Structures are given as structure tokens and as C-alpha cells.
Amino acid sequence: MSVQESGQGGAVPDADAPPARAARHLTVVHAVQEMIRGGELGPGDRLPIESTLAERLDISRNTLREGVRALVAMGILETRQGSGTTVTPLTPELLLGPLTFWVDIQEDRTTGDLHTVRRALEVESAALAARRRTPADITALRAILRKAEPAIRSRDHEAAMKADLEFHAMLARSGGNTILSALLDSLSQPTLRVRMWQSLHRSERLDATHQEHLSILDAVAAGDVQFASSAMHTHLTQVTMALDANEANNDHP
């Protein structure tokens, strides 16, 4: 812990300095980060043995273990019985796990703000899909919407919402940006309850949503980036209206 000189010539703790324990803990996190960045470690590689790494970083084994536990929680390392501690695949889906956890515990407190972010990302997702889609992507998207039709006709709201999520997830994958896809996966859940409530109490929205999905798909299949973006923006504006109505009426689904 750093110190400052007191008026009496003594030393007092620096209030802005982090606790020494936390600083040592971060030493492990930053060191492993640099080892990965520099190519010394990669996905699937085993971490150096505890005694060697602790000596290299000039820290105790207990501090090293704390740092490793933090890296495991962050999805950077994984520990398996008999295999030691290794680097994970480092995929966006894995590393964004803490964001998913944070989103899941927000309930209704930040749903509107999260949807605003999601809408911006979904519009970009649709544009990317229009640029990069493959024939296989279009076939998969059409299959999802065909599968949704019986659920919509029978007013099977749960199955319809499942198809809704599958459509948006597949659309994001069609854009080829794994980070964007992982972010959207994390942000889709908070508005799911609102969409479910909306489909239950405004059943006509099931049919309208399906038509909006078809419009988005037609634009993506045609490679029309501008129309794909516009169609997605129009589609998600309906969810925004439902969120605003719930907030105004203090009627949270």
C-alpha cells in the first residue's frame, strides 16, 4: 500500500491507492492477460505450475490462487480435475457470461435502457446479415418462420416466442460478427417477458410480428441493407411502444 507523509513526519495510507491484497490479485489477472496477448498462452493451453508462476510474479501461492479463481469466474481460465488449469476457448459467448448474469438480475429496473441498446444492435445485425448472408442462412431463417406459423395460428405464445428468439439469433449469426451475436444473446432476455405479455394481451401482435419478420427476411435475402435496417427498426419500435406503455401505466408484465 502506498503512503503519504503526514504533517508530523509519519506515514499515512494513500486514500486513493487500492489495498495491497487487491493489487496483488490484479497482478495475476494482468499477467495472464499479457501471456495470452503475447502468444505465450492460447486456448486449451495449461497454465504454468503454481510454484513456477508464483515465483515468476513474485507473489504468494494464496494470492495466485485468488487471481486464478477470478479468471475462472471471468471465463478466461477453467480448472478440471486431473487436467490442471487451462485457458478456455475465449469465445465471446463465454467471456460475455458476466454480462448475461448482470442483465438477468436487472428485472424491470433497466429494461427500457437495455432495449434501446438492443434495438441499435439489432438494426446493425440486420444490415450485416443483408451484406453477408449465405443461401444456407436464408434457408435456415425461412425454416424458422415456417415453424412459427402453426404456433401463431393456435396462439401458442410460448412456442411463438421461442421462434422469435431463434429468428433473431439466426439473423445475428448470418451477419458473421460473433461479438455482436453474443451481445444480442445477452440482451434479448430482458424484453422477452414484455413481448410475452404483449402477445398474450394483444394477440394480434403475433400476426403482425410474423409479417415484420417476413419483411426483414425478404430484405436480407435480397441483400437490401437499407431496407433490412429500416424493417428491423420498425419491428423493434413496437416493443419500445409496449415498454413505454407499461412504464406509463406502471403495469409491468
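An axis here is a line fitted to C-alpha atoms, for helices over the stretch in contact, and angles run from 0 to 180 degrees between N-to-C directions. Helices (H or I, at least four residues) and strands (E, at least two) are DSSP runs, numbered from the N terminus.

The model is predicted, so local features need pLDDT of at least 70 and side-chain atom pairs count only at pLDDT 80 or more, while totals for chains, interfaces and linings use all residues. Residues are numbered from 1 along each chain as its sequence is written, and side-chain values use heavy atoms, with hydrogens and water left out.

**First stop: H2 and H3**

Select helix H2, residues 50-57, together with helix H3, residues 61-73. Their axes come within 9 Å and cross at roughly 100 degrees. The two helices are therefore roughly perpendicular to each other; angles under 35 degrees count as roughly parallel, over 145 as roughly antiparallel, 65 to 115 as roughly perpendicular and the rest as oblique. Now show the side chains in contact (heavy atoms within 4.5 Å). H2 contributes Glu-50, Ser-51, Leu-53 and Ala-54, and H3 contributes Arg-61, Leu-64 and Arg-65. This set divides into 3 nonpolar, 1 polar and 3 charged residues. Ala, Val, Leu, Ile, Met, Phe, Trp, Tyr, Cys and Pro count as nonpolar, Asp, Glu, Lys and Arg as charged, and the others, Gly among them, as polar.

**Second stop: the largest pocket**

Keep H3 selected and add strand E4 (84-87); these are the elements that give two or more residues to the lining of the largest pocket. A pocket, on a 1 Å grid over the protein atoms alone, is an open set of points with protein on both sides within 12 Å along at least five of seven lines, whereas a cavity is a set of points where a 1.4 Å probe fits but cannot get out; lining residues have an atom within 4 Å of a point. The volume of the largest pocket is about 210 Å³, a volume being the space filled by probe spheres set on the points, which are joined across faces, edges and corners. Among its lining residues are Arg-46, Pro-48, Glu-50, Leu-64, Arg-65 and Gly-84. H3 supplies the largest share, 4 residues. By class, the lining has 5 nonpolar, 2 polar and 4 charged residues.

**Third stop: H7 and H8**

Move to helix H7 (135-153) and helix H8 (residues 157-174). Their axes come within 9 Å and cross at roughly 170 degrees, which makes H7 roughly antiparallel to H8. Residues to display in this contact include Ala-140, Ile-144 and Ala-148 of H7 and Ala-163, Phe-167 and Met-170 of H8. The contact residues comprise 13 nonpolar, 1 polar and 3 charged.

**Fourth stop: H8 and H11**

Retain H8 and add helix H11 (residues 204-222), which packs against H8 at an angle of about 20 degrees, with the axes 12 Å apart. H8 and H11 are therefore roughly parallel to each other. Among the residues in contact are Met-161 and His-168 of H8 and Leu-206 and Ile-216 of H11. By class, this contact has 8 nonpolar, 4 polar and 1 charged residues.

**Last stop: the largest cavity**

The structure holds 2 cavities of 30 Å³ or more. About 110 Å³ of space lies in the largest cavity. Which residues are the closest to its centre? Of the 13 that line it, they are Ile-152, Ala-160, Asp-164, Thr-209 and His-213. H7, H8 and H11 are the elements that give two or more residues to this lining, and H8 provides the largest share, 5 residues.
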